Amino acid sequence: MDGMNERSADADAVDWADRYRAGDTPWDIGGPHPELSIRLQDGRLAPPEPGESRALVPGAGRGHDAIALARRGWQVTALDVVPSLAAEMGAELERLGGEYVVGDALRLEGEPFDLVWDHTFFCAIDPGSRAPWGQRVRDLVVPGGRYTALVFPVGKPAEEGGPPHGMSPDDVLEVLGASFVEVERAAVSRAVSKRRWREHWLVAERRALVVQP
């Protein structure tokens with residue numbers, strides 16, 4: 001197993017609820033990603049306005065990353081298509097000032113966010129849905145807000161299928177478009193040891209709106 005699975009299947013064809021019921025969730029590492037934890041602890045991923053800055057975690061799963069962000073002062077909206085996960089993790093997130101929403105990230109609307117945290121979401125959706133996701137992000141992130149991603153699996157050949165579908169930082173930047181500018185790209189300092197493919201850290205910031213005179 002490598003992150004999600006090694007079967008060739010489109011994300012849209014995966015019954016994620018069945019996977020959770022069967023305990024077939026190799027993407028779940030049992031806690032927040034170690035690189036996320038480091039950056040939260042040292043302040044590099046601190047909210048601009050603690051308790052008010054809004055973060056979206058699509059494909060939140062059991063909410064490990066979402067809860068870690070909430071504990072560091074982010075107002076977190078965790079989102080997943082599996083209803084049982086909201087029942088499992090929603091109460092704890094609510095105690096931290098956040099919410100767990102059941103729904104499709106590609107159709108999400110509402111107040112914009114200061115941060116989108118992506119860990120095993122982009123690689124889970126069908127590659128044909130990447131461009132629509134980029135458009136959704138452009139609508140959902142405030143000017144000056146950031147799309148921060150744990151990019152994985154880097155280097156996985158497309159012919160091996162997915163999920164997880166192979167991806168790279170450039171794939172993410174391509175769908176975000178000219179509205180975003182790359183801020184940081186780096187190999188992670190604390191990778192998940194059981195993952196076969198490489199992991200990178202990527203931060204892209206939405207450009208400030210230019211008001212024409």
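So, Pro153 sits in strand β5, and the peptide bond that joins Phe152 to Pro153 is cis, with omega at about 0°. Keep in mind throughout that this is a predicted model. There's another cis bond, between Pro163 and Pro164, again with omega of about 0°. Pro164 is in the loop between β5 and α6. As a reminder, most peptide bonds are trans, and most residues other than glycine have a negative phi.

Speaking of phi, have a look at Thr120. Thr120 isn't a glycine, yet its phi is positive, about 65°. You'll find Thr120 in the loop between β4 and α5. Is Thr120 buried or exposed? Thr120 counts as buried, because its relative accessibility is 11% and the cut-off for buried is under 20%. There's a positive phi at Gly177 too, about 80°, just after α6.

Okay, on to the helices. In α5, the buried residues are Arg130, Trp133, Gly134, Arg136, Val137 and Leu140. They span an arc of only 160° around the axis, so they're on the same side of α5. That fits the usual helix geometry: with 3.6 residues a turn, residues three or four places apart point the same way. And what covers those buried residues? The cover includes β1, β4, β5, α6 and β6.

Now α6, which runs over residues 169-176. Which residues of α6 are buried? Pro169, Val172, Leu173, Val175 and Leu176. Looking down the axis of α6, these buried residues fall within an arc of 165°, so they line one face of the helix. They pack against α5, β5, β6 and β7.

The two helices are also linked by charge. Arg130 and Asp171 make a salt bridge, at 4.0 Å from N to O. It's a link between distant parts of the chain, with Arg130 in α5 and Asp171 in α6, 41 residues apart. On the α5 end, Arg130 is buried, at 10% relative accessible area, while Asp171 is partly exposed at 26%. Elsewhere, Asp28, Arg62 and Glu88 are joined into one network by salt bridges that share partners.

How many salt bridges are there? The count comes to 14. One of them is Asp104 with Arg107, where the closest N and O atoms are 2.3 Å apart. Asp104 counts as partly exposed because its accessibility is 28%, and Arg107, at 64%, counts as exposed. Another pairs Asp42 with Arg44, at 2.8 Å between the closest N and O atoms. Both ends of that one are partly exposed, Asp42 at 42% and Arg44 at 48%.

Hang on to Arg44, since it comes up again in the second largest pocket. That pocket holds about 260 Å³ of space. Its lining has 18 residues, and Arg44, Leu45, Ala46, Arg146 and Thr148 lie nearest the centre. β4, β5, β6 and β7 each supply at least two residues of that lining, and β5 gives the most, with five.

Next, the cores. The largest nonpolar core has 33 residues, and the ones with the most contacts inside it are Leu69, Val76, Leu93 and Tyr100. Helix α3, residues 64-71, gives the most to this core, with five residues. Take Leu69: leaving out residues up to four places away in sequence, Leu69 touches Leu36, Leu40, Leu45, Val57, Trp74, Val76, Leu115 and Trp117. Leu45, by the way, is also one of the residues nearest the centre of that pocket. Apart from the largest core there's another one, of 26 residues, including Ile125, Trp133, Val137 and Leu176. Trp133 and Val137 are among the buried residues of α5, and Leu176 is one of those in α6.

Last stop, Leu106, in the loop between β3 and β4. Leu106 is partly exposed, with a relative accessible area of 24%. What does Leu106 contact, leaving aside neighbours within four places in sequence? Ser129, Pro132, Trp133 and Arg136. Of those, Trp133 and Arg136 are on the α5 list of buried residues. And back to where we started: the C-alpha atoms of Leu106 and Phe152 are 20 Å apart, with their places 46 residues apart along the chain.

Terms used
Residues are numbered from 1 along each chain as its sequence is written. This is a predicted model: local features need pLDDT of at least 70, side-chain atom pairs count only at pLDDT 80 or more; totals for chains, interfaces and linings use all residues. Side-chain values use heavy atoms; hydrogens and water are left out. A salt bridge is a side-chain nitrogen of Lys or Arg within 4 Å of a carboxyl oxygen of Asp or Glu. Buried means under 20% relative accessible area, exposed over 50%, partly exposed in between (1.4 Å probe, protein chains only). Helices (H or I, at least four residues) and strands (E, at least two) are DSSP runs, numbered from the N terminus. The arc is that of the directions from the helix axis to the C-beta atoms. Contact means heavy atoms within 4.5 Å. A nonpolar core is a set of buried Ala, Val, Leu, Ile, Met, Phe, Trp, Tyr and Cys residues joined through side-chain atoms within 4.5 Å. On a 1 Å grid over the protein atoms alone, a cavity is a set of points where a 1.4 Å probe fits but cannot get out, and a pocket is an open set with protein on both sides within 12 Å along at least five of seven lines; lining residues have an atom within 4 Å of a point. Grid points are joined across faces, edges and corners, and a volume is the space filled by probe spheres set on the points.
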